[in-house]
Amino acid sequence: MANVNSWTVLAGIIIILLFLPNLTIISGIFTPSNENWEHMKEFVLTTYIKNSFILIGFTAVLTIIIGLSLAWMIARYQFPFHRFLKWALILPLSIPPFIGAYTYHGIVSYTGVVQTTLREHFGLELNPVYFDIMNLPGAIFIYTIFLYPYVYTITRVFLSQQSASLIESARVLGKGPWQVFFQVVIPVSRVSIIGGASLVVLEVLNDYGVVKYYGIQTFSTAIFQTWFGLGDIDSAIKLAASLMGIVIIILMVEKLLRGRRQYSYSTTKVRPLPRIQLKGAKAFFASVYCFVILSLGFFIPVLQLVDWLILTFGKIPMDEFLIYVKNSVLVAGISATCIVVFALIVGNFGRLVHGKFAKLLPKLTILGYSIPGAVIAVAVVTAFIALDRFLAPLYQVLGANSTLVLSVSLVMLITAYIIRFFAIGYNSIEAGYDKIGTDFRDASRSLGVGLTKTFFKVDVPMMKGAIISVFILVFIDILKEIPLTLILRPFNFDTLSTKAFQYASDEKIMEASQASLLIVCLSAIAIIIFNKFLDKEPK
Amino acid sequence: MYISIQDVCFSYPNSEGYALDQFSIDIEKGEVISILGRSGSGKSTVLRLLAGLENPTRGSFTIQEEVMFDQKAFLQPEKRGIGMVFQDYALFPHMSVSENILFGLFNMKKADKKKRLQEVLELVELQEFSNRYPHQLSGGQQQRVAIARAIAPNPHLILLDEPFSNLDAELQVKIRKDLRFILKKANITSIFVTHDENDAHALADRIVKLKDGSIELIGQPCDLLRNHTSTNVAGEITLQAKEFVKV
């Protein structure tokens, strides 16, 4: 079993490294509780739990409705602007929710374009309360409209590549389009839908920017307040542990929902789903529906940002910005590549091993996604300082002046990104492995090809779509990341997101538009490349 | 004996009892063996165990005295030299017919690969389809590619999992004939599992009947026919068996 063992060792190392920060949190539960924690438990914890559940519950339902309906329309039907909409509907993912939050606040505020237009052109002076979006429903709207592409992307790839025979046989059995959708499409794509929705839920639980800006009390804001406001890291870790508890419940529910129904092709003959041409009113409404969602999630906020950019252009020197661009692409590119490779290794390990415990091990790694960036940052800093101390004699031999080498380098930031975003990679790669099943691997092995060579010649080419999806999703997420980058970046190392966040927090919303738009542009370019790869039909 | 399988037992994790219990058989070179049984009888488990895709609980399996597995050793699937044709063929969708066939010939020289490719394409009569992709082929053609791919590396043994289950009835009769012809012409020892008695009687030199993980009967098709209770079915099978014995 030499091959299995080398995969096990590699996966074991990755799992241990990714799981270490979780241990910091778990150990934090057992430290004696102090006054702050007792106070929080008595007075505010219920509010955090209630608000967090309202946010994740409504956002999950709404992103599933929007993401799935768009995925099905694009995968199944042909209508005007279909080719454009197919990739453009992912674009909202390129806008960080905190940028969306302040942009929409700007749009509907008293001095914003909506109220100003109503006042100046229609003479309507409406109660500003009607336009207040800095509340729970407002935050749900922001999350839904900027995070639905997680459900859309994963489900669309699944639907368009899944064996068309299932849908066609349902049609032949007398089912109409709606029955096919509810009785076949939803059940067979459940793994993808739940995979996408769980990413959305984890993203919402970890968000700091939107809830902070809108003044909503959730676990994230509480952790930051406790850590930076009260200087009480122990209570912050206890809050993080409570948050982890919620995430564990969510992961268990996810497992329960998809565990017993793991679909892979019943036949290994993969045939793309043929599309039906819509005509007349149906085609018109399909296009309108897609454009309304796309406008809310992309065009409207981008137009507002462009407007602000025109008003503030030149305030920030361009050469400075080019450095932020280079830094952002560098860290996001390296981290996303590492995550893809690690997710493939751990995912393959999950396929090779038998037994419940061994199958559960890879799941441990995705808990990193449940820990707020700030807490991961503390855990990573602690680990790297210890590592530097351990390696100090080696540094001396190599002639280094300082005893702190790794903990002041980009390696630390990239490690934190990998721990934080591994779940995105792992979930999609696991769904990809589920989809191709094990027959191709077994066929390759029966032809004398070892596990490792099979992995590169069979598994990887067949998973190309999933691999590229993962790379893009992670790349975009890292471009938008805030707390980890702020805390762990080396001295004088700025990225686009840290700059945008700094300006927005300082109420210089217009100045934040330049960095924000660059993030959107870089993400959009990545999405176009992504679309090019995914668009290639099987030969 | 060319192939010896002795007292093989297997049980799935978290389940009581054996999915396969004391499975034993000796096989001559070039023999075509059919494992016949209902679904859940353990017939596919036999193939997966012989291919090395599952670990047996106990028992031994040797080919020309070389141990594939016993109490001490377990040879990985890729080291066994056993070809396998999967129920739904498992043709790599990102590779053409020739790429699929060449996949297992990585140890050969370039010229030998080319020659072997032509040989097997000729054997399965698919010379003009070499550049097509699996989804561009019919079910019967896909099956022949799967057989060609499994045969190409000259395996000691070829395993076929329900080789006719994905084919329509008319094609089944033709493919049975073709398959026996291909296997006999290439003189390849083979084991195929099926739930269809007609397939087993038409194709096999010997039939192993499995029931609840245990061997119920082993014998030549004509021997088993004598035990067959339904005369109508037996009559039909006899006709088909005669037809294929001629091949």
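**Sheets, helices and a chain contact in a predicted model**

In chain B, strand β1 (residues 3-10) pairs with strand β4 (residues 58-63) in the antiparallel sense, over five bridges. Helices (H or I, at least four residues) and strands (E, at least two) are DSSP runs numbered from the N terminus, and two strands pair if DSSP finds at least two bridges between them. This is a predicted model, in which local features need pLDDT of at least 70 and side-chain atom pairs count only at pLDDT 80 or more, while totals for chains, interfaces and linings use all residues. Residues are numbered from 1 along each chain as its sequence is written, and chains are lettered from A and ligands numbered from 1 in the order in which they are written.

Within the pairing of β1(B) and β4(B), B:I5 has B:F61 of β4(B) as its bridge partner. β1(B) is also joined by five bridges to strand β2 (residues 20-27) of chain B, and these two run antiparallel. There, B:F10 stands opposite B:L20 of β2(B).

Chain B also has an open sheet of six strands, in the order β6-β7-β8-β3-β9-β10, with mixed pairing. Its edge strands are β6 and β10 (214-219), each of which pairs on one side only. On average, neighbouring strands of this sheet are turned by 20° against each other, direction ignored. Axes here are lines fitted to C-alpha atoms, for helices over the stretch in contact, and angles run from 0 to 180 degrees between N-to-C directions.

Starting from the β6 edge, strand β6 (residues 82-85) of chain B and β7(B) pair in the parallel sense over four bridges, and B:V85 has B:L160 as its bridge partner in β7(B). On to the next strand, β7(B) pairs with β8(B) (residues 189-194), again in the parallel sense, over five bridges; B:I158 stands opposite B:S190 of β8(B). At the other edge, five bridges join β9(B) (residues 206-211) to β10(B), and these strands run antiparallel. B:I207 stands opposite B:G219 in β10(B).

Two helices of chain B lie against this sheet. Helix α4 (residues 139-151) packs on it, touching β6 and β7 of chain B, and its direction makes about 170° with that of β6(B). Helix α1 (residues 43-51) lies across β3 (32-36), β6, β7, β8 and β9 of chain B, at about 145° to β8(B). Contact between two residues requires their C-beta atoms, placed from the backbone, to lie within 7 Å.

Why is strand β7 (residues 157-161) of chain B largely enclosed by the rest of the structure? Five of its five residues are buried, so the rest of the structure largely encloses β7(B). A residue is buried if 20 or more other C-beta atoms lie within 10 Å of its own, exposed if 12 or fewer, and partly exposed in between, with C-beta atoms placed from the backbone. B:L157, B:L159 and B:D161 point one way from β7(B), and B:I158 and B:L160 point the other way.

The contact between the chains takes 24 residues from chain B and 24 residues from chain A. On the side of chain B that touches chain A, the largest share, three residues, comes from β6(B).

In chain A, helices α8 (residues 149-161) and α11 (residues 190-206) pack at an angle of about 160°, with their axes 8 Å apart.
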